[in-house]
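Welcome to a short set of exercises on side-chain contacts and strand pairing. Keep the viewer open and try each task before you read its solution.

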Amino acid sequence: CGVTLAWHSQGIFLKGADGSGIHSADQSDDGALLATTDEFSLVNLHRYPCVQPEQAQKPNRRSFAGHSSPALACRWVSAETLVTAGGFDLCLLQWSRESDEY
């Protein structure tokens with residue numbers, strides 16, 4: 001998957017983190033989102049580029065739970081579909097991107 005330490009992804013890390021908790025990153029096909037997987041078993045979506053660090057009470061991500069162990073990899077396989085791979089849970093999960101406009 002994509003590079004986790006770069007200019008375009010400097011805001012993906014939690015405050016005080018050393019950078020080792022993010023396992024992978026991948027930009028969506030349309031360039032609007034950056035998906036990451038982390039040590040907390042979460043799949044996170046950020047706007048791309050994600051250069052502003054997270055502020056107190058103002059998250060810069062939407063996080064989703066699905067894996068029961070650290071999520072190790074993510075890859076956009078189409079503009080609307082993200083696939084993530086877990087570690088010890090041995091799962092591949094398919095995520096569908098939907099608009100939150102009503």
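**Exercise 1.** With which residue does R97 form a salt bridge, and how far apart are the closest N and O atoms?

*Solution.* A reminder before we start: the model is predicted.
- Step 1: look around the side chain of R97; the salt-bridge partner is D30, with 3.0 Å between the closest N and O atoms.
- Step 2: place both ends along the chain. R97 sits in the segment after β7 (92–96), while D30 belongs to the loop between β1 and β2 (33–38), so the bridge ties together parts 67 residues apart in sequence.
- Step 3: check the surroundings. R97 has a relative accessible area of 22% and is partly exposed; D30, at 45%, is partly exposed as well.

**Exercise 2.** Find the polar partners of D26, and decide whether D26 is buried or exposed.

*Solution.*
- Step 1: locate the residue. D26 is part of strand β1, which covers residues 22–27.
- Step 2: turn to its side chain. D26 forms a salt bridge with R75, and their closest N and O atoms are 3.2 Å apart. The two ends come from distant parts of the chain, D26 from strand β1 and R75 from strand β5 (residues 71–76), 49 residues apart.
- Step 3: look for a backbone partner. A polar atom of the D26 side chain lies 2.8 Å from the backbone nitrogen of W76.
- Step 4: settle the accessibility. The relative accessible area of D26 is 10%; because buried means under 20%, D26 counts as buried. R75 has 39% and is partly exposed.

**Exercise 3.** How many salt bridges does the count come to, and which residue pairs with R61?

*Solution.*
- Step 1: the count comes to three salt bridges. Among them are the R97 pair with D30 and the D26 pair with R75.
- Step 2: for R61, the partner is E54, and the closest N and O atoms are 2.9 Å apart.
- Step 3: compare the two ends with the cut-off. R61 is buried at 13% relative accessible area, whereas E54, at 22%, is partly exposed.

**Exercise 4.** Which rings make up the aromatic pair, and how are their planes arranged?

*Solution.*
- Step 1: searching the whole structure gives one aromatic pair.
- Step 2: the rings belong to F64 and W95; their centres are 6.3 Å apart and their planes make an angle of 55°, so the pair is tilted.
- Step 3: trace the rings back to their strands. F64 is in strand β4 (residues 62–65) and W95 in strand β7, so parts 31 residues apart in sequence are tied together.
- Step 4: add the accessibility of F64, which is partly exposed at 33%.

**Exercise 5.** In what order do the three strands of the open sheet lie?

*Solution.*
- Step 1: begin with β5 and strand β6 (residues 81–86), which run antiparallel and are joined by five bridges. One residue pair to look up is A71, whose bridge partner in β6 is G86.
- Step 2: examine the connection. β5 and β6 form a hairpin, with four residues between them.
- Step 3: continue to the next neighbour. β6 and β7 pair over five bridges in the antiparallel sense, and L82 has W95 as its bridge partner in β7.
- Step 4: assemble the sheet. The order is β5-β6-β7, with antiparallel pairing. The edge strands are β5 and β7, each pairing on one side only. From one strand to the next, the twist averages 20°.

How values were computed
Residues numbered from 1 in each chain as written. Predicted model: local features only at pLDDT ≥ 70, side-chain atom pairs only at ≥ 80, totals over all residues. Heavy atoms only, no water. Buried < 20%, exposed > 50% of the residue type's maximum accessible area, 1.4 Å probe, protein only. Polar contact = N/O pair within 3.5 Å; in protein donor to acceptor, adjacent residues only side chain to side chain. Salt bridge = Lys/Arg side-chain N within 4 Å of Asp/Glu carboxyl O. Phe/Tyr/Trp six-rings, centres within 6.5 Å; stacked < 30°, edge-to-face > 60°. Pairing = 2+ DSSP bridges. Axes fitted to C-alpha atoms, helices over the stretch in contact; angles between N-to-C directions.
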